[in-house]
Amino acid sequence: MTRSEISRGSLRSRDQNPAFQEQWHAQVVAIVELLLASGKLDAENWSQTLGAELEKRARAGETDDDATYYGAFKATLEGVLDRTGIAPYSEVDRRESEWRQAYLSTPHGKPVALPG
């Protein structure tokens, strides 16, 4: 089995359907798992905060589907990163703006490079 076959296989559930509907779903879960494993996030706090976000969305009438779940997951991560100072909203906004400018000004087919 090749490395790419292993990678693709690990992103499939037991019924061979994709475990994640969107690539960013897997990425946001991986970020949280890394932050939990490194001790930068507390598992109990994370779980409670995510649960509260999901409850808020359910009360607002959002559907119980992947889009709602991963939207809540992402919003919770962003909020926790801001509150803990790991990645404040202002820093994320600044880097997003830098990224946007970099890819818009990069010629097609060339690698995008962020400033310093």
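**Close-up views of helix packing in a predicted model**

**View 1. Helix H3 against helix H4 in the predicted model.** Helix H3 (residues 43-59) packs on helix H4 (residues 66-84) at an angle of about 130°, and the two axes lie 9 Å apart. H3 and H4 are therefore oblique to each other. The crossing of H3 past H4 is right-handed. On the H3 side, the contact is made by Trp46, Thr49, Leu50, Glu53, Leu54 and Arg57. On the H4 side, Thr68, Tyr69, Gly71, Ala72, Phe73, Ala75, Thr76, Leu77, Val80 and Arg83 take part. By class, the residues of this contact comprise nine nonpolar, four polar and three charged.

**View 2. Helix H2 against helix H4.** The axes of H2 and H4 are 10 Å apart and meet at an angle of about 40°. That angle makes H2 oblique to H4, because the roughly parallel class is kept for angles under 35 degrees. H2 and H4 cross in a left-handed sense. From H2, the residues in contact are Trp24, His25, Val28, Val29, Ile31, Val32 and Leu35. Their partners in H4 are Asp66, Tyr70, Gly71, Phe73, Lys74, Leu77 and Leu81. The contact of H2 with H4 has ten nonpolar, two polar and two charged residues.

**View 3. The surroundings of His25 in helix H2.** His25 belongs to helix H2, which spans residues 23-37. With a relative accessible area of 3%, His25 is buried, because the cut-off for buried is under 20%. Leaving aside residues up to four places away in sequence, His25 touches Phe20, Asp66 and Tyr70. Asp66 and Tyr70 also appear among the H4 residues that meet H2.

**View 4. The N-terminal segment, residues 1-10.** Over residues 1-10 pLDDT stays under 50, and the model has one contact for them beyond four places in sequence. Helix H1 (residues 3-10) has the lowest confidence in the chain, at a mean of 43, whereas H3 has the highest, at 96. Where pLDDT is low, the predicted coordinates should not be read in detail.

**View 5. The whole chain, for orientation.** The secondary structure consists of five helices and zero strands, in the order α-α-α-α-α along the sequence. The chain has 116 residues, of which 21% count as buried. Among contacts with a separation of 6 or more, 38% join residues 24 or more positions apart. The mean pLDDT of the chain is 87, and 86% of the residues score at least 70.

How values were computed
Residues numbered from 1 in each chain as written. Predicted model: local features only at pLDDT ≥ 70, side-chain atom pairs only at ≥ 80, totals over all residues. Heavy atoms only, no water. Axes fitted to C-alpha atoms, helices over the stretch in contact; angles between N-to-C directions. Helix = DSSP H or I, 4+ residues; strand = E, 2+ residues; numbered from the N terminus. Parallel < 35°, antiparallel > 145°, perpendicular 65-115°, else oblique. Left-handed = near helix turned anticlockwise from the far one by under 90°. Contact = heavy atoms within 4.5 Å. Nonpolar A, V, L, I, M, F, W, Y, C, P; charged D, E, K, R; others polar. pLDDT = per-residue confidence, 0-100. Buried < 20%, exposed > 50% of the residue type's maximum accessible area, 1.4 Å probe, protein only.
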